[in-house]
Amino acid sequence: MGSIRRRLLSLVLGSFVCAAAVLGLAGPAAAHDAAESSSPAEGASVPVPPENVSVTFSNNPLGIGSSFSIKDASGAEWADGTVEIVDNVASQKLKAGAPAGQFTVAWRVVSSDSHPIEGTFRFTAAAAAGGAAPAASSTAGATAPAIGTAPAIGTAQPGQTAAPDSAGSGEPFQWSIVIFAAAAVGLLAILAIGARRRLTAGTDDER
């Protein structure tokens with residue numbers, strides 16, 4: 001009688017351990033990619049505006065839906081061409097002739113799990129670069145969108161990272177977690193029924 005109870009307890013505890021391990025493995029899959037650093041770094045001072053700016057991510061972003069906006073203090077746009085993504089680095093060229101002063105970079109990419117992420121960072125150029133200046137943007141003087149702060153990684157920080165747009169960019173529901181949980185509950189139920197039958201059979205034998 002006591003051995004059957006101990007066996008039943010061991011089976012139940014083992015099932016709980018297996019279920020916890022499965023759910024623990026499914027959890028990290030729901031995490032999104034994150035910006036790890038930017039070039040120039042957030043708040044950095046550079047001699048002249050760089051030829052390009054970039055953001056490094058924790059995983060390789062998808063090559064769709066990416067955009068960079070690089071504006072000077074007057075609101076003029078200096079981004080030139082399309083975003084280039086190589087492995088986990090997204091970069092954007094600047095037009096020639098960028099002025100001295102502060103620049104605000106607003107970026108947006110689609111992470112490896114198809115979830116849009118975005119953010120901003122700022123840097124300051126001590127002197128102007130050579131070349132002709134572009135026409136002032138129609139959004140001159142506009143401020144960068146309000147966004148939340150991204151986690152700091154080392155000394156090179158990506159600046160700020162925003163929560164994704166709620167319309168059309170919601171995170172896909174993690175059905176795998178529900179399936180694993182249902183399978184674990186089903187396994188526990190089967191083991192409990194089998195153990196109860198063995199317990200009943202053992203009691204009948206003793207009689």
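The exercises below, each with a worked solution, concern a predicted model of a protein chain.

**Exercise 1. The chain as a whole**

State how many helices and strands the protein chain has, and give their order.

Solution. Begin with the count: the protein chain has two helices and nine strands. Next, read the elements from the N terminus on, which gives α-β-β-β-β-β-β-β-β-β-α. Then add two figures for the chain. Of its 207 residues, 27% count as buried. Among contacts with a separation of 6 or more, 67% come from residues 24 or more positions apart.

**Exercise 2. The order of strands in a sheet**

Give the order of the four strands in the open sheet and identify its edge strands.

Solution. The order in this open sheet is β1-β3-β6-β5, with antiparallel pairing. An edge strand pairs on one side only, and here the edge strands are β1 (35-39) and β5 (79-86). On average, and with direction ignored, neighbouring strands of this sheet are turned by 15 degrees against each other.

As background, strands of a sheet pair through backbone hydrogen bonds, either parallel or antiparallel.

**Exercise 3. The partners of β6**

Describe how β6 pairs with β3 and with β5.

Solution. Take β3 to start with. Residues 52-57 form β3 and residues 89-94 form β6, and the two strands pair in the antiparallel sense over five bridges. Within this pairing, Val-53 has Gln-92 as its bridge partner, and Ser-54 stands opposite Ser-91.

Now take β5. The pairing of β5 with β6 is antiparallel and has five bridges. Ile-85 stands opposite Ala-90 in β6. β5 and β6 also form a hairpin, with two residues between them. In the turn, Asp-87 has a positive phi of about 55 degrees.

**Exercise 4. The surroundings of Gln-92**

Decide whether Gln-92 is buried or exposed, and list what it touches.

Solution. Locate the residue: Gln-92 is in strand β6. Its relative accessible area is 2%. The cut-off for buried is under 20%, so Gln-92 is buried.

Then look for a polar partner. A polar atom of the Gln-92 side chain lies 2.9 Å from the backbone oxygen of Asp-80.

Finally, leave out residues up to four places away in sequence. Gln-92 then touches Glu-51, Asn-52, Val-53, Phe-68, Ile-70, Ala-79, Asp-80, Gly-81, Thr-82 and Val-83.

**Exercise 5. The largest nonpolar core**

Name the residues with the most contacts inside the largest nonpolar core, and the strands that supply it.

Solution. This core has 22 residues. Those with the most contacts inside it are Val-53, Phe-57, Phe-68, Ile-70 and Trp-107. At least two residues of the core come from each of β3, β4 (62-71), β5, β6, β7 (101-110) and β8 (116-125).

Val-53 thus appears twice in these exercises: as a residue of this core and as the bridge partner of Gln-92.

**Exercise 6. The salt bridge**

Find the salt bridge, and explain why it ties together parts that are ten residues apart in sequence.

Solution. The count comes to one salt bridge. Arg-108 forms it with Glu-118, and the closest N and O atoms are 2.7 Å apart. Arg-108 lies in strand β7 and Glu-118 in strand β8, so the pair ties together parts that are ten residues apart in sequence.

Last, classify the two residues by accessibility. Arg-108 has a relative accessible area of 22% and is partly exposed. Glu-118 has 18% relative accessibility and counts as buried, because the cut-off is under 20%.

Definitions and conventions
Residues are numbered from 1 along each chain as its sequence is written. This is a predicted model: local features need pLDDT of at least 70, side-chain atom pairs count only at pLDDT 80 or more; totals for chains, interfaces and linings use all residues. Side-chain values use heavy atoms; hydrogens and water are left out. Two strands pair if DSSP finds at least two bridges between them. Axes are lines fitted to C-alpha atoms, for helices over the stretch in contact, and angles run from 0 to 180 degrees between N-to-C directions. Buried means under 20% relative accessible area, exposed over 50%, partly exposed in between (1.4 Å probe, protein chains only). A polar contact is a pair of N or O atoms within 3.5 Å; within protein, one must be able to donate a hydrogen and the other to accept it, and residues adjacent in sequence count only if both atoms are side-chain atoms. Contact means heavy atoms within 4.5 Å. A nonpolar core is a set of buried Ala, Val, Leu, Ile, Met, Phe, Trp, Tyr and Cys residues joined through side-chain atoms within 4.5 Å. A salt bridge is a side-chain nitrogen of Lys or Arg within 4 Å of a carboxyl oxygen of Asp or Glu.
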